[in-house]
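Student: Could you pick one part of this model and take a close look at it for me? I'd like a single connected answer, with the cut-offs spelled out as you go.

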Amino acid sequence: MEKVVATSRQDTYSPIIKPIEPATHTNLLWNFQMLRKAVRAVILGPPASGKGTISKRIVEKFDFVHISPGDILRSNIEKQTKLGKEAETYVKQGKLVPNELIIKCMTEHLKEVQNKSFLLDGFPRNVAQAKSLSTIQQINAVINLNVPHEVIIERIEGRWIHLKSGRVYNTGFNKPKVPGKDDITGDDLVKREDDKVDIVAERLKIYDAMIKPVLEYYQQSPGLIATFKGSTTNEIWPKVEKFIVGLQKSLVKAEKI
């Protein structure tokens with residue numbers, strides 16, 4: 001299930017949906033060949049692990065489509081689509097959007113992405129979602145970020161937010177030019193209510209319990225999961241970049257066989 005938050009996020013990408021072309025023998029063959037070469041990846045990582053930054057770099061470096069259920073649901077709510085209206089009834093009550101609605105949302109969107117390489121961020125969150133995903137698209141990579149909890153807690157302790165823009169600062173590695181002030185507007189920076197140590201520790205505990213069955217499910221396919229350990233995004237990113245380059249080469253090579 002997915003909780004949709006109305007506040008803006010700095011690392012949010014607009015879903016890229018292209019019109020579906022009429023099916024012909026030629027473009028069906030071309031789509032099949034391109035699909036074999038496309039990277040269809042899931043990225044997993046605990047809160048404040050740098051997943052948003054890594055996702056952004058993957059999208060920009062490799063021209064992947066970034067797919068997030070939260071972004072898609074927010075877009076549908078804004079446009080007041082049928083799916084958006086259904087999701088909005090839960091959001092207004094402060095409830096999690098049900099599994100069935102999330103799966104429906106992702107199913108419709110993935111069918112429209114067609115043969116482009118994509119990165120799933122925030123889906124799947126449980127085994128039911130992972131199994132549903134396998135009936136829609138065959139994933140060929142699970143990028144799992146492994147950042148020590150103590151590092152995450154320390155990182156969050158130093159995090160400050162500019163509410164209006166979503167800009168994020170950190171007193172440890174991304175300090176504002178003027179302490180306590182946003183670099184662009186000069187507005188006061190604030191601490192998020194859920195950035196308290198005890199709350200963060202509980203969120204990490206919940207994440208571990210939630211994602212463990214998903215990892216166990218994907219471990220049934222040898223070589224599918226690639227785990228990247230590190231304490232900073234700059235430490236992890238070169239490893240992820242190298243992995244994706246290697247994956248793309250192996251997919252092209254396999255297509256020629």
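Tutor: Let's begin with a pair of tyrosines: Y217 and Y218 are both buried, where buried means under 20% relative accessible area, exposed means over 50%, and partly exposed is in between, with a 1.4 Å probe and protein chains only. A caveat on what you're looking at: this is a predicted model, local features need pLDDT of at least 70, side-chain atom pairs count only at pLDDT 80 or more, and totals for chains, interfaces and linings use all residues. As for bookkeeping, numbering runs from 1 along each chain as its sequence is written, and side-chain values use heavy atoms, leaving out hydrogens and water.

A pair of aromatic rings is described by the distance of the centres and the angle of the planes. Searching the whole structure turns up 3 aromatic pairs (rings of Phe, Tyr and Trp, the last by its six-membered ring, with centres within 6.5 Å; planes under 30 degrees apart are stacked, over 60 edge-to-face, the rest tilted). One of them is our tyrosine pair: the ring centres of Y217 and Y218 are 5.3 Å apart with the planes at 65°, so this pair is edge-to-face. Another is F228 with F243, where the centres are 5.7 Å apart and the planes again sit at 65°, so it too is edge-to-face. F228 belongs to strand β7 (residues 225–229) and F243 to helix α9 (residues 233–256), so this pair ties together parts 15 residues apart in sequence. Those element names are DSSP runs numbered from the N terminus, with helices being H or I over at least four residues and strands E over at least two. F228 counts as buried at 7% relative accessibility, while F243 is partly exposed with 25% relative accessible area.

There's also a charge to look at beside a ring. K191 lies over the face of W160, 5.4 Å from the ring centre; the test is that NZ of Lys or CZ of Arg is within 6 Å of the ring centre and within 35 degrees of the ring normal. W160 turns up again from T171: leaving aside neighbours within four places in sequence, T171 is in contact with G158 and W160, contact meaning heavy atoms within 4.5 Å. T171 itself is in the loop between β6 (167–170) and α8 and is partly exposed, at 42% relative accessible area. The C-alpha atoms of T171 and R155 are separated by 8.7 Å, with their positions 16 residues apart along the chain.

That brings us to the helices. Two packed helices are described by the angle between their axes and the distance between the axes. Helix α7 (residues 149–157) packs with helix α8 (residues 197–218) at about 140°, the axes being 10 Å apart. That makes α7 oblique to α8. For the geometry, axes are lines fitted to C-alpha atoms, over the stretch in contact for helices, and angles run from 0 to 180 degrees between N-to-C directions. Under 35 degrees counts as roughly parallel, over 145 as roughly antiparallel, 65 to 115 as roughly perpendicular, and the rest as oblique. The crossing of α7 past α8 is right-handed, meaning the near helix is turned clockwise from the far one by less than a right angle, and anticlockwise would be left-handed. On the α7 side the contact uses H149, I152, I153, I156 and E157, and on the α8 side V197, V200, A201, L204 and D208. Take A201 from that list: it sits in helix α8 and counts as partly exposed at 34% relative accessibility. The C-alpha atoms of A201 and I153 are 7.2 Å apart, though the two are 48 residues apart along the chain.

For a second helix pair, look at α3 (residues 69–79) and α4 (residues 82–92), whose axes come within 8 Å and cross at roughly 105°. That makes α3 roughly perpendicular to α4. Here L73, N76 and I77 of α3 meet L83, G84, A87, E88 and V91 of α4.

To put the close-up in context, the protein's secondary structure comes to 9 helices and 7 strands. Of its 257 residues, 42% are buried.
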